[in-house]
Amino acid sequence: MFHFSGFNMMFPEGRSFHATYKCFSVSMLPGNERSDVEKGGKIIMPPSALDTLTRLNVEYPMLFKLTNGKKSRSSHAGVLEFVADEGKCYLPYWMMDNLLLEEGDILNIESVSLPVATFSKFQPHSTDFLDITNPKAVLENALRNFACLTKGDVIAIKYNKKVYELCVLETKPGNAVSIIECDMNVEFEAPVGYKDHSETQASGSGQQGTAGSVGSEVAGAANAILEEVVETFKGSGVRLDGKKKKESQLETPVLKKVLPRGVPDYDFQFGLIRFDRNIRPISDRGNDDGASAGNADGSDAESFHGTGFSMKKTRK
């Protein structure tokens, strides 16, 4: 209560923001595609909300509680921009999925103050999350687009052109915390559907007795087709210069190799390509060809048929 020149004026403190909007996914936002909104945990509100918030004594950063009254579901989010049409707000698709909202449903938004996070625990919804080399670094980078976390929510992060869903199992010091400018310890629970190596061995030993006879039959059938003969260089060869092949070249044996199936070549050297060709060096076969165009059997072979022409005309 303040007194100015005989007038009593009361300025209420701690008033909160309450509003109701029709909610839509980010894909329904007019203009260019906003993929940055889909990656994080912030919403887009109309300009009238900013005008109302500036008149109230709200705490910064602005955090809001989102409530779906029909389904009794609630979550928390920050605000990214105030550019939505009046009476509408736009949410990331994963947030609408958590709140069980459809396009155009009514959403209640209330400004709240949340404690700063100190601990959080996540559980991936797929074992593909284990393929990431440094999951904590990936999660830390993704959470930069979030303002708060709510226990029980399933958040979606995008990494290497793939979307991973993680359930927020636990948050401290409350069920909803602010993660802006904080030091938060992160832990991971085993992904959904993940089986330990010991459990896999236990289940495999339980089925070993029933599958013993079937396994022996399969092994016997596999041994029957374990090897195959591969013949290389089939057919006859032709010289490029038109000459007939020599007798030494006609009796080239066909190479046969026995290749076991399923056994790799352990002698293979990475980066080395081998060409198996039965060709002597040029220095060794220079004298055999001779200076003339005749073959070994004495017959002449014309390599070039027809008459030749000169590019330069001779003067008469």
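Asn-98 is found in helix α3, which spans residues 93-98. In this predicted model, Asn-98 has a relative accessibility of 10% and counts as buried, because the limit for a buried residue is under 20%. Leaving aside residues up to four places away in sequence, Asn-98 touches Arg-73, Asp-153 and Val-154. Of these neighbours, Val-154 leads on to a sheet, for strand β11 comprises residues 154-159.

Before that sheet is described, the chain as a whole may be considered. The secondary structure of the protein chain comes to eight helices and 16 strands. The chain has 316 residues, and buried residues make up 26% of them. It exposes about 23,200 Å², and carbon and sulfur atoms supply 52% of that area. Among contacts between residues at least 6 apart in sequence, 77% join residues at least 24 apart.

The sheet that includes β11 is open and has four strands, in the order β11-β12-β9-β14, with mixed pairing. Strands β11 and β14 are its edges, each pairing on one side only. From one strand to the next, the twist averages 35°. Strands of a sheet pair through backbone hydrogen bonds, and the pairing may be parallel or antiparallel.

The sheet can be followed strand by strand from the β11 edge. Strands β11 and β12 are paired in the antiparallel sense over six bridges. Within this pairing, Ile-157 has Tyr-164 in β12 as its bridge partner. The two strands form a hairpin with two residues between them, and Asn-160 in the turn has a positive phi of about 55°.

Strand β12, which covers residues 162-172, is also joined to β9, by six bridges, and these two strands run antiparallel. Here Phe-122 stands opposite Val-168 in β12. On the way to the other edge, the direction of pairing changes: four bridges join β9 to β14, and these strands run parallel. In this part of the sheet, Ser-120 stands opposite Val-186 in β14. A helix also meets the sheet: α4, residues 135-142, packs on it and touches β9, β11 and β14. The direction of α4 makes about 125° with that of β14.

Is Ser-120 buried or exposed? Ser-120 has its place in strand β9, and its relative accessible area is 0%, so it is buried. Its contacts, not counting residues up to four places away in sequence, are with Leu-149, Glu-170, Thr-171, Met-184, Asn-185, Val-186 and Glu-187. Val-186 in this list is the residue that stands opposite Ser-120 in β14, and Glu-170 falls within the range of β12, residues 162-172.

Charged side chains supply a further set of links. Side chains of opposite charge can pair when their charged atoms come close. The count for this model comes to four salt bridges, among them the pair Lys-121 and Glu-189, whose closest N and O atoms are 3.1 Å apart. Lys-121 lies in strand β9 (residues 119-124), whereas Glu-189 lies in the loop between β14 (185-188) and α5 (197-206), so this pair ties together parts that are 68 residues apart in sequence. Glu-189 is partly exposed, with a relative accessible area of 34%.

Another of the salt bridges involves Glu-170, the residue already named as a contact of Ser-120. Lys-172 forms a salt bridge with Glu-170, and the closest N and O atoms are 3.8 Å apart. Since a salt bridge requires these atoms to lie within 4 Å, the pair is counted. Lys-172 is partly exposed at a relative accessible area of 41%, and Glu-170 counts as partly exposed at 28%.

A further salt bridge joins two residues of one helix. Asp-51 pairs with Arg-55, the closest N and O atoms being 3.3 Å apart. Both residues lie in helix α2 (residues 47-55), four residues apart, which corresponds to about one turn of the helix. Asp-51 is partly exposed, with a relative accessible area of 41%, whereas Arg-55, at 62%, counts as exposed. The two partners fall into separate classes because the class of exposed residues begins over 50%.

How values were computed
Residues are numbered from 1 along each chain as its sequence is written. This is a predicted model: local features need pLDDT of at least 70, side-chain atom pairs count only at pLDDT 80 or more; totals for chains, interfaces and linings use all residues. Side-chain values use heavy atoms; hydrogens and water are left out. Buried means under 20% relative accessible area, exposed over 50%, partly exposed in between (1.4 Å probe, protein chains only). Contact means heavy atoms within 4.5 Å. Accessible areas come from the Shrake-Rupley method with a 1.4 Å probe; for residues, only the protein chains shown count as cover. A salt bridge is a side-chain nitrogen of Lys or Arg within 4 Å of a carboxyl oxygen of Asp or Glu. Two strands pair if DSSP finds at least two bridges between them. Axes are lines fitted to C-alpha atoms, for helices over the stretch in contact, and angles run from 0 to 180 degrees between N-to-C directions.
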